[in-house]
Amino acid sequence: MAPAELSAQSLSPAHNAVSRRQLISSSFAILGLLVIFIALMVLLALVTSLVLQGAPRLNWKFFTSFPSSDPLEAGILAAWVGSVLVMLTTMLFAIPLGVAAGIYLEEYAPKNWLAALIEINVTNLAGVPSIVYGLLALGLFSQQLNLGESVLTAGLTLALLILPIVIVTTREALRAIPNLLREAAYALGASRWQMIWDHILPYSFGSILTGIIIGMSRAIGETAPLITIGALTFIAFLPPLPIQPEFPFISFEWLTAPFTVMPIQMFNWVSRPEQEFQVNAAAAGVVLIVMTLTLNGFAIYLRYRFRKGVKW
Amino acid sequence: MVVNQVKLVPSRFTALLSATAATVAVVGLSISAVNSQSSVIKIDGSSTVYPITEKVAEGFQKTGSAKVTVGISGTGGGFKKFCAGELDISNASRPILKKEMAACAAKGVRYIELPVAYDAITVVTNKGNTWAKNLTTAELKKIWEPASTVKNWKDVRSGFPNQPLRLFGPGADSGTFDYFTEAINGKAKSVRKDFTASEDDNVLVQGVSRDKGALGYFGMAYYEANKGRINEVSVNGVSPSVQTVQSGAYTPLSRPLFIYVNAESAKKPEVNKFIQYYMKNGGAAASAVKYVALPARAYPVAMTRFNKKKTGTIFGGEEAVGLKIDELLTRELKE
């Protein structure tokens, strides 16, 4: 058939095929939108119902009261202070260890079977159920090292839990820096450490921070490993303050103090017979969600700040 | 040039190093300081006993005498820590078992057994259930025994309507489950497999309130908090109440709850004070959290046992069903 004879008739199969593919394409777009919509609706419904249920209890007193057998008297003071202190300890250990390990694996480690083995292990560790970390911590920190049921044990446990996340995200962040930059630094006579410290780290810092904070927001909601190491349920006093009026002004005694955290307090309230405690649980849930969202928001802001500062 | 470089780099490097050093110092300090909290009374154990002890601890702490912490590890988990010498007091919803006695003996931990309240296990049905107001223990056994084939209410007793039977009960980690199966089926943990089990009693309440043919059981506090949604069932013609439990008429489904005090800790003044406070206020605390208090005369007797530091258990490591309060306090203690 000559090209001149191309008619609407002869092209119609092609037209059909094209329009069928376009139909599939646009219907997938709609399907995707629908799926996102459903997921968001579920989340929104969950948060809304939690807020509606918990709202009557969300007042200043709720934040400044200890747990109590009277639901109206009960508050989350011990729980949120515990959560903050445990997070602080977690950060103290997870950040230096995780970032340093990430840098070594990405920038220094020779590419051999040992590095591959470590890499596989780190990735697998990220998928280990948290209760397993709890059991490890119970045996190692709590009993072997005799750290007891303390903030320090909890912080170390959660640090261990999020270490793989921090390592993996650090490596991803470093890998995203173009190699040109490394070569340029070497060309000017920088040592490997100078190259990393002065160029690679500042540029990737935003992404590394995001990984750290995502790890932290996972840790803040963890319950199972902390129950395993013996986090308490009723505790009506606060750990000693880190800043003291007398010399040496700084005290680390809080690290050894017994503690509870937000998710455990919530869990305890949910299992109570009295309906009023369900309101407390919902209110604590709202606070926990706000804490997590704040952490995430902070991560997004920091990423934005640091990306703006990157000039290459 | 070279000198310049070397000087520049360490300034940041030292910052990093000192951060690491600080971290190490923190660990060192805390390890040395770990065993320095002696003024805290450490309590752990049963989740059933927890509300009572929490109530007492709350009141005690307001007197400003000492700090108290209460955990929930379950009766078994509590005894594990208790016998390792980690606790001052263990909450227990059942008497100490033989293997736990051996563990305590191995570590040289001696204990004072104090009953603090009753928990009445309440059998419940759906609000729409108009027929089963009373069940005998024989009928309960017929329903719950391991070989049971009862799947319909009409098979429980002739005259009951044709309504499928749906069963709800606590899971195997629960002390309530152990006691109920022992009391009804004659052997702890022996039960039919086809029932909905949950460690969360609120889930059981939900389940029973939604199914017309449902039958379930759990602690009295959960029935009291949900009276409007479910019916209670009398057992052998006796309905669970403070009177019937205290008099011993509601048998075999009422069980005593205990605290076990480490005899070594009992020498500490703050623990001693706490137990005195517990024995004075434990009854009121139990009633406040919807448990059944022991008869008023029981607490002074228990206090005397504590004051005389009489160690051991009256049970000798066996589960006992349907024991009267006077037996709890007068039977001979064994170690």
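Angles between helix axes under 35 degrees count as roughly parallel, over 145 as roughly antiparallel, 65 to 115 as roughly perpendicular and the rest as oblique. The model is predicted, so that local features need pLDDT of at least 70 and side-chain atom pairs count only at pLDDT 80 or more, while totals for chains, interfaces and linings use all residues. Residues are numbered from 1 along each chain as its sequence is written, with chains lettered from A and ligands numbered from 1 in the order in which they are written.

**View 1. Packing of helices H2 and H10 of chain B.** Helix H2 (residues 50–62) and helix H10 (residues 269–288) of chain B pack at an angle of about 125°, with their axes 8 Å apart; axes are lines fitted to C-alpha atoms, for helices over the stretch in contact, and angles run from 0 to 180 degrees between N-to-C directions. H2(B) and H10(B) are therefore oblique to each other. Helices (H or I, at least four residues) and strands (E, at least two) are DSSP runs, numbered from the N terminus.

**View 2. The contact between chain A and chain B.** In this interface, 28 residues of chain A are in contact with 33 residues of chain B, contact requiring C-beta atoms, placed from the backbone, within 7 Å. Helix H3 (77–108), helix H8 (192–220) and strand S1 (234–235) of chain A each supply at least two residues of the side that touches chain B.

**View 3. Strand pairing across the chains.** S1(A) and strand S2 (residues 67–70) of chain B run antiparallel and are joined by two bridges; strands pair if DSSP finds at least two bridges between them. A:Ile235 stands opposite B:Thr69 in S2(B).

Notes
Contact = placed C-beta atoms within 7 Å.
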